[in-house]
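Please look through the structure shown here, and keep its sequence at hand while reading the explanation below.

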Amino acid sequence: MKILDHTLRKVLLSALAGGGGWALAALAPLVTTPVMLAHLGTNRYGTWMVLSTIAGMMMLSDFGITNGITSSLAQTRPGDQERRKLVSNAYILLVSFGMVLAFLLLATFLVARNSG
């Protein structure tokens, strides 16, 4: 007698594996932080954390543009000029925000380099 069918077993295993991955990701800084802090020192470690945080923000944020574009594109037809305008505006916004964040990253790097 089978307790779980094949599909349910795969779903449960996937959920457990995903949760395990998140747990390891949450525990990893508890192990790596003392090692990196001892190796880099407080000033360089702080600089490294700021730079990696800004880089992570740049990689992960789309500023909600994806949801707005998707819902607006769903209301247009494939040949509409409106589609081209929506996508062009989204790229202009993302490039502009990316340039601002890149400038902030560069400014942080220069300030950290000159202070240490």
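The paragraphs that follow lead through the helices, the core, the surface patch and the salt bridge in turn.

The model is a predicted one, and the walk through its elements can begin at the N-terminal end. L4 lies in the segment that comes before α1, the helix of residues 6-40. With a relative accessibility of 32%, L4 is counted as partly exposed, because that class covers values between 20% and 50%. L4 also belongs to a nonpolar surface patch, whose members are I3, L4, L8, V11 and L12 and whose accessible area adds up to about 460 Å².

Helix α1 itself has 35 residues, and its first and last C-alpha atoms are 49 Å apart, a reach close to the 51 Å expected at 1.5 Å a residue. The helix nevertheless bends, by about 35 degrees at T32, and a proline, P34, follows within four residues of that point. After α1 comes G41, which has a positive phi, near 90 degrees.

Helix α2 takes in residues 42-60, and G46 is found in it. G46 has a relative accessibility of 31% and therefore counts as partly exposed, since it falls between the limits of 20% and 50%. Although G46 and A112 are 66 residues apart along the chain, their C-alpha atoms are separated by 9.4 Å. A similar statement can be made for T47 and V111, which are 64 residues apart along the chain and whose C-alpha atoms are separated by 9.7 Å. V111 is in helix α4, and V111 counts as exposed because its relative accessibility of 58% is over 50%. A112, in contrast, is listed among the buried residues of α4, together with L86, A90 and L101.

Two of those buried residues, L86 and A90, lead to the interior of the model. The largest nonpolar core consists of 5 residues, namely I65, I69, L73, L86 and A90. Two elements, α3 (65-74) and α4, each give two or more residues to this core, and α3 gives the most, with 3 residues.

How does the span of α4 compare with what is expected at 1.5 Å a residue? The 35 residues of α4 should span 51 Å, and the end C-alpha atoms of the helix are 51 Å apart, so the two values agree.

A search of the whole structure finds 1 salt bridge, and the side chains of K85 and E82 meet in a salt bridge with a distance of 4.0 Å from N to O. Both K85 and E82 lie in helix α4 (residues 81-115), where they are 3 residues apart, about one turn of the helix. An α-helix has 3.6 residues a turn, so residues three or four places apart point the same way. As for their accessibility, K85 is partly exposed, with a relative accessible area of 47%, and E82, at 38%, also counts as partly exposed, because both values lie between 20% and 50%.

Terms used: Residues are numbered from 1 along each chain as its sequence is written. This is a predicted model: local features need pLDDT of at least 70, side-chain atom pairs count only at pLDDT 80 or more; totals for chains, interfaces and linings use all residues. Side-chain values use heavy atoms; hydrogens and water are left out. Patches are made of residues with over 30% relative accessible area and no salt bridge: like charges are joined within 9 Å, nonpolar side chains (Val, Leu, Ile, Met, Phe, Trp, Tyr) within 5 Å. Accessible areas come from the Shrake-Rupley method with a 1.4 Å probe; for residues, only the protein chains shown count as cover. Buried means under 20% relative accessible area, exposed over 50%, partly exposed in between (1.4 Å probe, protein chains only). The expected span of a helix is 1.5 Å times one less than its number of residues. The bend at a residue is the angle between axes fitted to the seven residues ending there and the seven starting there. A nonpolar core is a set of buried Ala, Val, Leu, Ile, Met, Phe, Trp, Tyr and Cys residues joined through side-chain atoms within 4.5 Å.
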